[in-house]
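Here is an informal walk through one model, going from its sheets to its cores and a few single residues. Keep the 3D view open while you read.

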Amino acid sequence: MEVSGHSWNSVRALFPALRNWAHLNSAAFGPVPSTATRAMTDHFAAREVSAALDFPRWFDRLDRVRGKIGRLIGADAEDIAFCPSAGAGLSWLLRGIDWREGDEVLALDHEFPNNQYAPQLLDAKGVRFRPLSAPSARFDPELVLEAIGPRTRLVIVSAVNYSNGLRAPLEELSAELPSMGVLLCVDATQSVGALVTDLRAVPVDYLVVHGYKWLMAPPGAGFAYIPAGTRAWLPPSIVSWRSHKTWRDYSSLHHGRPELPGEAARYEGGVQPFALLFALEASIDLILELGPEAIERRVLGLAGECRAILQARGGVIAADPGKACDSQIVTARFAGRDPARVKAELEAGRVAVSVRKGSLRVSPHFFNDSDDLRRLAEALEAGFRS
């Protein structure tokens, strides 16, 4: 199949890890394409030539990366701030809200730990964290909307749940929560890069992404989406030499009380991990070239084939059919089989998967193909015969 001048097979050549592995584990760590690795080495090689005297251009390039991220998620460049992890980006929000004793934060009881640990530690400010118990097979918007109380300030959800692949009902939550005076924070680490994200169609108050999974970047390359409406009231929790609006006047930095820049970059702090972010740029370039819609069709098709393979070998899929579980993360349990042992058997066949919450987790990306799925099926068969 041809896509944006490439065949999917030619795209596979960009991922050296695929020479040795059927890598069906992007929900853990995505393989880094050779273009991203080269972006890092090119940056360090250029520093040797320039003696880093051209560092202002590195910041200019980061602004271009913000624009590419904006194209990917339906946002403006000035809405994007780089963060070293989704947890760090979430902390910017939680530290900046003017909490009052008795306020409440809602999240699922099986949310990713980031989104449970951080709000629970707000108890020192008198903030209550209330986990909502959702069936692992469904995530109906009413679960959240009917739980909203008079002191609910914030709802935190993952766009796709890491442990069962359920999609959050973002369209419904985005439409209803503003009228209820409740902020919506989305952790999109398990979706952006694989599934289409359009924040102009589905606006949220805050969004964080760590790029080492579906964006195929090194750890440490992440970003937060902080729209103008949120920036109007959210103070930065990090202050640095870039906290004054004229920070680009490097030869004559401002002294005195800073006047904050208007863009989301005000939240970042000082010097950024340029090489990591240039690697992220290379991966985003690949995604934009292939087309987010084409990638989503590809990954959902591969995920459907993975479900069929697991079910044919006795796997019980965690989520019911339908849009809520129509994601690229597939989880299954096998009666009488320890999922850790199944994982080890698959790894012996050079098939990379994970175990989460008692289930085998398989997470294909666009670079996977029918040969990878054949190896998954054969390794499962071999393990069950042993």
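Before we start on how a helix lies across a sheet, one definition: axes are lines fitted to C-alpha atoms, for helices over the stretch in contact, and angles run from 0 to 180 degrees between N-to-C directions. Also keep in mind that this is a predicted model.

**The seven-stranded sheet**

Let's begin with an open sheet of 7 strands, ordered 4-10-9-8-7-5-6, with mixed pairing. Its edges are strand 4 (80–83) and strand 6 (128–132), each with a partner on one side only. On average, and ignoring direction, neighbouring strands here are turned by 20 degrees against each other.

Helix 4 (residues 86–96) lies across strand 4, strand 7 (152–158), strand 8 (183–187), strand 9 and strand 10. Relative to strand 9, helix 4 runs at about 160 degrees.

Now look at strand 5 (residues 104–108). Why does it count as largely enclosed by the rest of the structure? Because 5 of its 5 residues are buried. Both faces of strand 5 are covered, with Glu104, Leu106 and Leu108 buried on one side and Val105 and Ala107 buried on the other. Strand 5 runs parallel to strand 6, and 5 bridges join the two. In that pairing, glutamate 104 sits opposite arginine 128 of strand 6.

Elsewhere in this sheet, valine 208 faces alanine 224 in strand 10.

**The four-stranded sheet**

There is also an open sheet of 4 strands, in the order 11-12-15-14, and its pairing is antiparallel. Strand 11 (315–317) and strand 14 (354–356) are the edge strands, each pairing on one side only. Here the average turn between neighbouring strands is 40 degrees, direction ignored. Alanine 332 is the residue opposite leucine 360 in strand 15.

Two helices go with this sheet. Helix 10 lies across strand 11, strand 12 and strand 15, at about 0 degrees to strand 12. Helix 11 (residues 339–348) packs on the sheet too, touching strand 14 and strand 15, and its direction makes about 35 degrees with that of strand 15.

Here are three strand pairs from the two sheets:

| Strand pair | Sense | Bridges |
|---|---|---|
| Strand 5 (residues 104–108) and strand 6 | parallel | 5 bridges |
| Strand 9 (residues 206–210) and strand 10 (residues 222–225) | antiparallel | 4 bridges |
| Strand 12 (residues 330–334) and strand 15 (residues 359–362) | antiparallel | 3 bridges |

**A helix pair**

Helix 2 (residues 34–50) and helix 9 have axes that come within 8 Å and cross at roughly 145 degrees. The crossing of helix 2 and helix 9 is right-handed. Helix 2 brings Thr35, Ala36, Ala39, Met40, His43 and Phe44 to the contact, while helix 9 brings Phe274, Ala275, Leu276, Phe278, Ala279, Ala282 and Ser283. Sort the residues of this contact by type and you get 10 nonpolar, 3 polar and no charged.

**The cores**

Which residues touch the most other members of the largest nonpolar core? Out of its 73 residues, they are Ile73, Phe223 and Phe366. Helix 9 (residues 274–290) supplies the largest share of this core, 12 residues. Apart from it there is another core, of 25 residues, including Leu90, Trp99, Val127 and Leu154.

Back to phenylalanine 366: leaving out residues up to four places away in sequence, it touches Trp8, Val11, Phe15, Met216, Leu286, Leu290, Ile295, Arg298 and Val299.

Pick up Ile295 from that list. Isoleucine 295 belongs to helix 10 (residues 292–312) and counts as buried, because its relative accessibility is 0%. With the same sequence neighbours left out, isoleucine 295 touches Trp8, Gly193, Ala194, Ile287, Leu290, His365 and Phe366. The C-alpha atoms of isoleucine 295 and valine 196 are 8.4 Å apart, though 99 residues separate the two along the chain.

**Two positive phi values**

Met216, another contact of Phe366, has a backbone worth a look. Methionine 216 isn't a glycine, yet its phi is positive, near 60 degrees. This residue is in the loop between strand 9 and strand 10.

Alanine 52 also has a positive phi without being a glycine, at about 65 degrees. You'll find alanine 52 in the loop between helix 2 and helix 3 (55–73).

Are these two buried or exposed, or partly exposed? Methionine 216 is buried, at 0% relative accessibility, whereas alanine 52 is partly exposed, with a relative accessible area of 22%.

Definitions and conventions. Residues numbered from 1 in each chain as written. Predicted model: local features only at pLDDT ≥ 70, side-chain atom pairs only at ≥ 80, totals over all residues. Heavy atoms only, no water. Core = buried A, V, L, I, M, F, W, Y, C linked by side-chain atoms within 4.5 Å. Buried < 20%, exposed > 50% of the residue type's maximum accessible area, 1.4 Å probe, protein only. Contact = heavy atoms within 4.5 Å. Pairing = 2+ DSSP bridges. Left-handed = near helix turned anticlockwise from the far one by under 90°. Nonpolar A, V, L, I, M, F, W, Y, C, P; charged D, E, K, R; others polar.
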